[in-house]
Amino acid sequence: MSAAKGSIPGAPEAQGQQRRGPADRHGFRLEVRDLEIRNRRDGPAVVSGISFAVRPGDVLGLVGESGSGKTTVALALLGHTRRGLSVSAGEIRLDGMDLLRLRPAALRQVRGARVSYVPQDPSAALNPALRIGYQLREALRSHARITGDPETRVREVLGEVRLDASPGMLRRYPHQLSGGQQQRVALAMAFSCRPSLIVLDEPTTGLDVSTQRHILDTVRRLCRRYGVAAVYVSHDLAVVSELAAEVAVMYAGRVVEAGPAALLFGRPLHPYTQGLLASVPVPEGGRRLTGIPGQQPPPGHRGPGCAFVPRCALALDECRARAPEPVPLAGRTVLCLRAAETGTARAEPRPAAAVTDPPAGAAVLSVRGVSASYGPVRVLSGIDLEVPPQACVALVGESGSGKTTLARCIVGLHRDWTGEMTFQGARLARGARHRPVPVLQQIQCVFQNPYTSLNPRKTVGQIVAEPLRRFLHVPRGEQSERAVSVLGDVALGPRYLSRYPDQLSGGERQRVAIARALVAEPSLLVCDEVTSALDVSVQAVVVELLRAAAARRHLAMLFITHNLALVRSVAQFAVVLRQGEIVEAGPAEQVLADPGSDYTAQLMADVPRLRS
Amino acid sequence: MTAAAPGTERIRRHQWLASMGSAVRTPRGAAGLGLAGFVVAVAVIGPQVAPDSPGALLTLPFAKPSGRFLLGADFLGRDVLSRVLDGGWLLLLMAVAATVLGIAAGAAAGISAAYLRGRPDGLIMRTVDVILAFPQLVFALLLLSILGPRLWLIVLAVGLTHAPAVARVLRSATLDISERDFVKVAELQGMRPAAVMAKEILPSLSTPLMVEAGLRLTYSIIIMAGLAFLGFGQPPPAPSWGTMINENRAGLALNPWAVIMPALLIALLTVGTNLLTDAVGRAALGVDRRPGEAALADALDPAPNRAGNRA
């Protein structure tokens, strides 16, 4: 430990290449060995057998679906476990010093100074009542001994994250900054003490692609410059592939595959990694997405065998009986009994194009010169848009572009708009209360957040039967039959009828919300960011179900998303929205492959792509 | 993923029953239920087992306890035990009725204010502010002294004075729920506002409703007893705990039991309902979950963090 203390240089103002103390004898800044975290000392293991190492200046991507234990591991790197959890085995060595053996006081000195953390949601992590200048200085003040003059350092780190270091900026409160700026402040805070290790927990999840690109560039640049080891937690493989040299894929509390990013993304060996990669939408290609059906078992419900068996196409009886051990293979470590064969099993051709050309005909929905405002603030101006029959129109835009407001105007939740909308030839009234019941039935909506769009006090059966009762006057006896059939369309079995929403995963909830919209037999389906709260693997399942169901029922669809990569997998037409105005519209292929505007071209350039 | 763990099927239909169940398993809840249950049992079974008629003049005023009269006699020489056993049920009944009335009126006002917003909100909440400006007891006394002490009027007065406080609490609870998308879905299904409030919003308010009901019941008992003490209760020959305290305080030195017993029962009842309410509120919030359980639940349910991400 004394050796570790000696590694902290006194004058950190030097620019350019700066090595931060010695890494351990293998050249690793961070080494995690056989980490196991349990719920109470004797409870089920939440994560186990976690081993990885990161070199100075490198980024390790820790990927997996939510619930895989990646955040639990990330927090353990700061010597922290959530209430009720405790580390039961293993070691975490930072520059050779075992973090898990430190006393609380010593750990406090390490946190912030030598290990820092960038949380997922900066708006929640920054104190809303304090100016950002104060918060930045506070981080430095707590570790005064190891840094020089706070003012110089504050200006320096703000410059490093490309934020204006003027006094005016420092006097702002977090709510006066955009989401991207807030995340930059959090990054500046994390880098301000020149740490050895930085842990980033999905820091770009809520950000637009361009902002995300800037944040990723900043992280990469600063890690290189200061020899910082970074652990980047994310469920988004495309983001990780752009940033990380090494990747560890987690599933149900184990690392199932770990190794150099190029190898893992180029030729994944574990069936789970293969599944995750197949779920990632590609902006250029309109291929069908194949997700991973099912969900991972929670701690305490993981059987004796491999936890991936229920979702694995290659599972054998042996996989059920015996837990696999990590084996080194083809330059990486894999946790799969059939690892040697999986590389060859994945020779199947890429799936066919997802979308087909719609038939010609009068538009189902046409929007002419619609402008909308919230009180004095105008959020949409002069929108013209047509949704042809049986076609899907993707409405793409960054947050704040007004895309959700347009959806709310169309379905009748927002009434403060001017212009004209016609639906199947008839004018649409403003506000759902003024629309006749058949119109309400014909336009159905699926909301962004499946955690608030289902009434927690109603069963799935009641939720899905409600439109049948209201719109279609289906007799009680037939309701459950119809509900079962529509649940089948979204790949949920009849046993879901009696479940309550809080017994379902996010993906299952969103499928119930889709079933509720489909059961009303609409002719237009408005989908507002329906996958943005979901994991990539689940997103793929949901998008594919939605696309297939719409095609089968000859539905027209308005698919609102911030994710350009998804557009080609679901829509024939694309409309790009920016600050309330349409920038570009046309066939999806043309808009994305050959953008007519600089804005769209920039967005396409900023979309993270899988690099293999 | 929220991973609804296989095998942990929970019955969520009656969430208030579940909270109640886990509340009475905590020491606080068990004590509350025990105390309140005991007093309710006294009030309900009492009239059947009372040894004497509560109105009969049987012995000397303020007679000390004896084998014949276990708690002695009151200021007219009536049996205190019989009067205590007989004097609770009407108080309880009136307190419950006033609570139900107050909760119903307050909930209706609070939920509509929050859901309808705009002008109804302003109108309802300003009325609530005005009523809240009067101390509850003073307001009840005012009504009673103008219209005369009738039992239904006491219930009405106490119930109505509960309503504003209930309305405030339920308004803030409803504000949160009415912004959720499932409410919007119901509107898009063409549901009328009254139906949205009753069918979609109300079921999610069971926890605040339960806590409010418990709290208001406690207050009802106190105010009813207080009103009886001040002479606004049942007319004199009938026994009532509140009235008994007033009638017999002159003889406190001669036979203290005539005051202590009714006061004790009122105290036990209010403490009991309060403890039980507190336990229910905690159970519903999850404060009394064991730490391990809470951590596991957090680990399994990252939903709240993810939910607001791109909002």
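These are my notebook entries on domains, interfaces and strands in a predicted model.

**Conventions.** I number residues from 1 along each chain as its sequence is written, and chains are lettered from A, ligands numbered from 1, in the order in which they are written. Because the model is predicted, local features need pLDDT of at least 70 and side-chain atom pairs count only at pLDDT 80 or more, while totals for chains, interfaces and linings use all residues; side-chain values use heavy atoms, with hydrogens and water left out.

**Entry 1: domains of chain A.** I looked up the domain assignment (bounds are automatic or come from a database). Chain A has domain 1 (23-114 + 193-347), domain 2 (130-192) and domain 3 (365-540 + 558-606).

**Entry 2: domain 1 against domain 2, chain A.** I took the C-alpha centres of these two domains of chain A and found them 29 Å apart. In contact (heavy atoms within 4.5 Å) are 23 residues of domain 1 and 22 of domain 2. Next came buried area, the accessible area (1.4 Å probe) that two parts lose on being put together, summed over both. The two domains of chain A bury about 1,700 Å², 60% of it on carbon and sulfur atoms. Cys193(A), Arg194(A) and Leu222(A) supply 34% of the area that domain 1 buries here, more than any other three residues.

I then checked charges. A salt bridge is a side-chain nitrogen of Lys or Arg within 4 Å of a carboxyl oxygen of Asp or Glu. The rule finds 3 across this interface of chain A. Glu160(A) pairs with Arg194(A) in a salt bridge, with the closest N and O atoms 3.1 Å apart. I also found 9 residue pairs in polar contact between the two domains, both residues at pLDDT 80 or more. Polar contact means N or O atoms within 3.5 Å; within protein, one must be able to donate a hydrogen and the other to accept it, and residues adjacent in sequence count only if both atoms are side-chain atoms.

Which element gives the largest share of the domain 1 side that touches domain 2 in chain A? H9(A) does, with 10 residues.

**Entry 3: the two domains of chain B.** Chain B splits into domain 1 (15-86 + 253-298) and domain 2 (89-238). Their C-alpha centres are 25 Å apart. I found 18 residues of domain 1 in contact with 16 of domain 2. The buried area is about 1,400 Å², and carbon and sulfur atoms give 73% of it. I counted 0 salt bridges between these domains of chain B. Polar contacts come to 2 residue pairs, both residues at pLDDT 80 or more. H12(B) gives the most to the domain 1 side, with 9 residues.

**Entry 4: a sheet in chain A.** Helices (H or I, at least four residues) and strands (E, at least two) are DSSP runs, numbered from the N terminus. Strands pair if DSSP finds at least two bridges between them. I traced an open sheet of 4 strands in chain A, in the order S14-S13-S16-S17, with antiparallel pairing. S14 (377-387) and S17 (426-427) each have a single partner strand, so one side of each is left without a neighbour in the sheet. S16 (417-423) and S17(A) pair over 2 bridges. There Thr422(A) stands opposite Arg427(A).

**Entry 5: a hairpin in chain A.** S21 (573-578) and S22 (581-587) run antiparallel, joined by 6 bridges. Phe573(A) stands opposite Pro587(A). The hairpin has 2 residues between its strands, and Gln579(A) in the turn has a positive phi of about 45°.
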